[in-house]
Amino acid sequence: MITVLSGGTGTPKLLQGLKKVVDNEKLAVVVNTGEDTWIGDLYLSPDVDTVLYTLSDLINEETWYGVRGDTFHTHEQLKKLGFDEVLRIGDKDRALKMHKTYYLKRGYNLSEVVDMEREALGIKAKIIPMTDDRVETKILAKVDGKTDLLKFHDFWVKRRGEVEVLDVIYENSLYAKPCEKAVEAINNSELIIIGPSNPITSIGPILSLNGMKDLLKDKKVVVVSPIVGDSAVSGPAGKLMKAKGYEVSVKGVYEFYKDIVDILVIDTVDKDMAKEIPCKVLITNTIMKTLDDKVRLAKNIIEFCSG
């Protein structure tokens, strides 16, 4: 069995490749919930939903959020009524969020609800929220000359990440524990893949959970770097790594994961830095523009880790 740790960007591309390469019934994805939030009466679990849509072949690959070809009638009508959601939520996507909200308000755990949705969407792989407890990623930032603690949704969606970041905090993570299904998946896995999601806000919340690193320390862990050269492939990973004191390079990625990583996957652009990484290194093309790229990277990782 293989377990993948995932956020909502980067890793879903790799999941598209893994879906073609491995037995999906022996694949589990543990997903970040640190960015989960409420908009009005609607519960949002953005990274979980992106993984659900990716593995059901519904994902909008232009935005890596929401359903391909979705409409936005409800969003636009709410706007006319004076309720601005900030995030554009499509009509089909809203149905999934309404489903989560309905069951969460009736006492179901998030992992139970996501498993219902996984089955309804015909997904064979397991999709597991990192925890059933509340953990919230917040950004300590300078905003208009003042220090403020922002919800991630406020930082990235509303402000487009255009603030000075001072620190990143995983609120309540010391008291939260991985959900039982995540623990079971990791314990039963021969290989853990940490995909090329943002180390700080996508994977960091998962690793911050009480006992998570202990679960991983005796496992074979491969990390796919989301940094190529001196910048992130997408998103604010570079800015956030700097704020946490890490170099924006594959060396910085290694430093972030050094307690658990056995194999680091880096792009050919960074091949000269391989000798500076004190663990096994796989050098390959990590830029995933086409499905062939995604399948090739997935195959390279599986073959390298099997050797």
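# Domains, sheets and helix packing in a predicted model

Tutor: In this predicted model, the C-alpha centres of domain 1 and domain 2 lie 23 Å apart.

Student: OK, and which residues does the assignment give to each domain?

Tutor: The domain assignment gives residues 36–129 to domain 1, residues 136–171 to domain 2 and residues 180–306 to domain 3.

Student: Let's look at sheets, then. In what order do the strands of the seven-stranded sheet run?

Tutor: The order of that open sheet is β5-β2-β1-β9-β10-β13-β14, and the pairing is parallel. The edges are taken by β5 (126–129) and β14 (280–284), each of which has a single partner strand, so one side of each is left without a neighbour in the sheet. On average, and with direction ignored, neighbouring strands of this sheet are turned by 20° against each other.

Student: How many bridges join β1 to β9?

Tutor: Strand β1 (residues 2–6) and strand β9 (residues 191–194) run parallel and are joined by four bridges. Within that pair, Ile2 of the one strand stands opposite Leu191 in β9.

Student: Which strands of the sheet does α2 touch?

Tutor: Helix α2 packs on the sheet and touches β1, β2 (27–31) and β5, while its direction makes about 155° with that of β2.

Student: And what about α2 with α1, at what angle do they pack?

Tutor: Helix α1 (residues 11–21) packs against helix α2 (residues 46–55) at an angle of about 30°, and their axes are 10 Å apart. The two helices, α1 and α2, are therefore roughly parallel to each other. As for handedness, α1 passes α2 in a right-handed crossing.

Student: Which residues meet there?

Tutor: From α1 the residues are Pro12, Leu15, Gln16 and Lys19, and they meet Thr50, Val51, Thr54 and Leu55 in α2. Sorted by class, the contact of α1 with α2 has four nonpolar, three polar and one charged residues.

Student: Now the other helix pair, α4 and α5. At what angle do their axes cross?

Tutor: The axes of helix α4 (residues 91–104) and helix α5 (residues 110–120) cross at roughly 140° and come within 10 Å. That angle makes α4 oblique to α5, and the crossing of these two helices is right-handed.

Student: Which residues make that contact?

Tutor: On the α4 side the contact is made by Leu96, His99, Lys100, Tyr103 and Leu104, and on the α5 side by Leu110, Val113, Val114, Met116 and Glu117. By class, the contact of α4 with α5 has seven nonpolar, one polar and two charged residues.

Student: Switching to the three-stranded sheet, which strands are at its edges?

Tutor: This open sheet has the order β7-β6-β8 with antiparallel pairing, and its edge strands are β7 (146–151) and β8 (164–171), each of which pairs on one side only. Neighbouring strands here are turned by 25° against each other on average, again with direction ignored.

Student: How many bridges join β6 to β7?

Tutor: Six bridges join strand β6 (residues 136–143) to β7, and the two run antiparallel. Looking at single residues, Ala141 stands opposite Asp148 in β7. Helix α8 (residues 199–207) packs on this sheet, where it touches β6 and β8, and the direction of α8 makes about 20° with that of β8.

Student: Last one, Ala232. Where does it lie, and what does it touch?

Tutor: Ala232 lies in strand β12 (residues 231–232). If residues up to four places away in sequence are not counted, Ala232 touches Pro226, Ile227, Ala237 and Gly238. Ala232 and Pro196 are 36 residues apart in sequence, yet from C-alpha to C-alpha they are 9.5 Å apart in space.

Technical notes
Residues numbered from 1 in each chain as written. Predicted model: local features only at pLDDT ≥ 70, side-chain atom pairs only at ≥ 80, totals over all residues. Heavy atoms only, no water. Axes fitted to C-alpha atoms, helices over the stretch in contact; angles between N-to-C directions. Parallel < 35°, antiparallel > 145°, perpendicular 65-115°, else oblique. Left-handed = near helix turned anticlockwise from the far one by under 90°. Contact = heavy atoms within 4.5 Å. Nonpolar A, V, L, I, M, F, W, Y, C, P; charged D, E, K, R; others polar. Domains from an automatic or database assignment. Pairing = 2+ DSSP bridges.
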